[in-house]
Structures are given as structure tokens and as C-alpha cells.
Amino acid sequence: HICVCGEACTSASGYISCAHCEQRYHKQCFKRDTGSIRCIRCGSTAVMRDIGRMDSDRNGKEPHPVSSVVSKKPLNAVETPQPPKPIPRRTEPRFCEVCGEQPENSNDLLSCKGCGVAVHSECYNIGRSVSNLVRSRWLCDPCSLGVESASCVLCPTVAGPLRSTNDMRFAHPICVIYSVETYFDETTAKVGGIEAIDPSRYKLRCRVCKKMGYAPPQCSLKTCGIAVHPLCAREEGLPLFEDEENGELVAKMFCAKHKDREDAKPQAVWRRKAAEVLRRITDHEESEPFREPVDVDRAGLEDYLQVIAHPMDLGTVDSKLKGSKYFSPQSMYTDVMLIWSNCRTYNTGRKRTAALLAQNARLEALFTALWKDGFPDFVPHESTPVQKDTAPPAVPLKPTPDVPARPKHDEWQAHAQQILKRLLKLSFAEPFREPVDYKGLGLDDYISVVKIPVDLGTTMTKLEDDKYRTIEALY
């Protein structure tokens, strides 16, 4: 219970307490330090409680507030004015109220001289480099306009940093980032896109605060419609981050139901590491046979697809990584290890394959070493194919025994796969790519109405696994 001046606030002298974080202030220090009714510790404009003198109960009970008594002074009494006590600089850790991160050096934060709100300059979208002169006089948008009770147009939270909008209102930067329509307008240095918000989104109710009318963003899982305000999501500890997709930063937020999914974790960091490992393997001079899918027709390997159930190559891995098809390092690691495993499975025991098997062993050892350096804490799953012996197997003298034949894909199956791939790539096919999340969407009667649910993703999986024996079954 220390005031901003560094001295204790006791019940004997009376104090002002923030109803949100319970920070205490001496009455003579409060307005002088903040210049407003906003708490400089939490940024809240909650009710500031004026606690008068308190008399301690002789029985040791909690002291209770009583009204302050003003002593009567003689009319001819003259008070000697006392100089105000200097208020020392705050030394407690500060954090950015947009991204929530605490910098190593508190000087990296901009602190508003009017309300005390603290932000990174880039989080507030005013540039990375700010001069010391600007830092010493900086005011946030509401304070620079003289607005004391500003509120966000995109959420009901009153506290926190706010930016001006093009329509003369205010919005939290974090609400702007996670709203689909809004953006930071570089020409006006304000928030734009408020007028472009779909009116139907104002009818959405936040799953956390239960309030509606603020157009909250929805869960990033395409088949989920649960809406949550970004600040409510942060308060509940829900996944809230910006990630890299196809070379662009995309804001993602997941509801409580889907917070444990693999894609509910930031992917950009591990993907950059994985891309570097894959580049070094692909650039290796011995990786040429593994860079593209095996051309079974040109190589005359008629039984290749009968022996290898799941072909894989470095080019396919690279395409899947760039297309954000991998949601974890484990999934990519499994595919790369499958390349080496397929090579051993098909070539072991065959003639004139010793050199290829030796290349395969060396590349596998190199990949394992590079992966361990990039992901030192990574532990492969038991199902992941792991090399047991890096030495190339000896070529047996006896011919390879016949492998049971597996039914080949007919022409109609290959053609059907091409059609489904084209359908999946269409932008308006998004609601049909995955099974309907009827529980998340609140469609309680969906299963009773739709007896056999199906979607494009499930259809493609069944087609690839040879579940459709006739074209009529697929159609």
C-alpha cells in the first residue's frame, strides 16, 4: 500500500483507492501526479474511492471509515504555505497495454503525460523511432483532444490506450488489429474501416462478457462462430496472436473450446526454423533424387505405388510448409522422415541401389542433426519413422520376393481428385471444407435433420484412401 510518492498510505491519514487494482494515493498526490481521474497503475477510470480517516477498533477488528473532522481555527490564524513534496519517478515494472509485454527497459515504452497509459510506439502505430523530446511530452489521442471519458467503439472495456477513428470516435489498437474490417489509416493517422463493419456482427454476443453491440471478432477456426472481444480473450488467457500465413501477418484468436488445437499456437517462429532446415537439405548436392515426386512412368517403376503407400518428396514438403499445411513441427518432421523411410523400403534388397541408399542415409543423418540444432527440445512421437542404422544395407544375391499387388487408381479416381482439389481452392467453398461444428454454432437440431453429414475434406480423404470403389459411390 505505497503511494506514488514512495510513502505508505495509512488509514490514519486517509487516502484515495482505485476500485479496480486497489492502488492507493495520498489525496495531495493523486491529482498532482495523474492530472485526471485515471489510475496510473492500471489505466482504469473506475470509481476512485475516497477513504477518510479510520479509527482502529480496540478489539483488533478491521478499521472502519469515519467522516473527517475539520478542526476550527482562529479567524486571525495565518497558515504558512508548505512547498509540495517532490514525487519520485515510478520504479515498478511497466508493460505495454497493447501487446501486454514487459520490456527489459521501461524507457522503451511511451507514457502518456495526461492519463499515464503506457505503450510501445509501434503497438500504438506511431512508428518505431520516437525522439526523446516527443517522449517527454507525448499525449495519447484522447488526452491530446481533451477527452476525459473516452470509450472504445469496438468493445465495452473503458480502460486502456485508445486511438482516434475517422468518424471522430475511439478504438483500442488491439480491437483494431483483430477486427476484420478495421485498419490503421496511414493517410489520416487514424483508425479506418469502422463504417465497413458488417451490421450483422453488431448482433453477436461476446462469450466472455455476455455483451452485444460491439461487433466482436469470431474464433479463427473457420467452422466456429463463437465471438469474443480481444481484451476479454486476453483476460481469460485465450490464444491471441499474429501469425505468418503465405508471407503475410494474420491476427488469430481462438475461443475456449478450440484453444488447445495445434493451429491455436503461433506458427511463424518454428516455421522459419523449419524452412531453414529444409533449405539446407534441398540445396545439398546429394538431395537431387528426393527433390520431386518419383516419376514412376519415366523410371519404369511399375510397382512403386504398390509398395509405397504414401509417396513423399522435399518439394511437396516445401509446398505444404509455405501453404501453412503443417500445424506443428511434428507433422513436418514426420513427412521428411517418410522420404528416407520410403527410399529404404523400396530399394533395400534391389540391384544397383547401394549408392542411392548411401545418399539416403547421409541425408537422413544430416537432417536429424540440423533438426536437433533448430529444435533442441523436440521429441519425435513413437509413430514417427526413425532411422535405426545409417549404414546402407548390403545387396542380397537373391532376387526380391514379389510384393502383394495393390489395386491401382482408375482414371476416374485421378480425375475426381483434380475436381475436388479445384473445389477446395475456391474461396466460397470455405464453409464446406470441414465438418460442421454444430455444437460450437449452437445448431442443436443439425444431427436430427442431417442424417449423413459430409464435407469436401472428408470426401477427399476417403478418395485418397480408396474408400470409393465406384464413381456412383463418390457422386
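**Close-up A. The two faces of helix H9 in the predicted model.** On one side of H9, Ser 319 and Lys 322 are exposed, lying across from the buried side of this helix. The buried residues of H9 are Leu 314, Val 317 and Leu 321. Because these buried residues cover an arc of only 60° around the axis, they fall on the same side of H9.

**Close-up B. The packing of helix H9 against helix H10.** Helix H9, residues 314-322, packs with helix H10, residues 329-347, at an angle of about 170°, and their axes are 10 Å apart. Since angles over 145 degrees count as roughly antiparallel, H9 is therefore roughly antiparallel to H10. From H9, the contact is made by Leu 314, Val 317, Lys 320 and Leu 321, while H10 contributes Met 332, Asp 335, Val 336 and Ile 339. Sorted by character, the residues of this contact comprise six nonpolar, no polar and two charged.

**Close-up C. The largest nonpolar core.** This core holds 31 residues, of which Cys 152, Leu 154, Ala 171, Cys 175, Cys 219, Cys 224 and Val 228 touch the most other members. Two or more residues each are given to the core by strand E9 (170-171), helix H4 (173-178) and helix H5 (230-236), and the largest share, four residues, comes from H4. Another core, of 24 residues, lies apart from this one and includes Ile 281, Met 337, Cys 343 and Leu 363.

**Close-up D. The surroundings of Val 228.** Leaving aside residues up to four places away in sequence, Val 228 touches Cys 206, Arg 207, Val 208, Pro 216, Pro 217, Ala 233, Leu 238 and Met 253.

Note on methods: Residues numbered from 1 in each chain as written. Predicted model: local features only at pLDDT ≥ 70, side-chain atom pairs only at ≥ 80, totals over all residues. Heavy atoms only, no water. Core = buried A, V, L, I, M, F, W, Y, C linked by side-chain atoms within 4.5 Å. Buried < 20%, exposed > 50% of the residue type's maximum accessible area, 1.4 Å probe, protein only. Contact = heavy atoms within 4.5 Å. Axes fitted to C-alpha atoms, helices over the stretch in contact; angles between N-to-C directions. Parallel < 35°, antiparallel > 145°, perpendicular 65-115°, else oblique. Nonpolar A, V, L, I, M, F, W, Y, C, P; charged D, E, K, R; others polar. Arc of directions from axis to C-beta.
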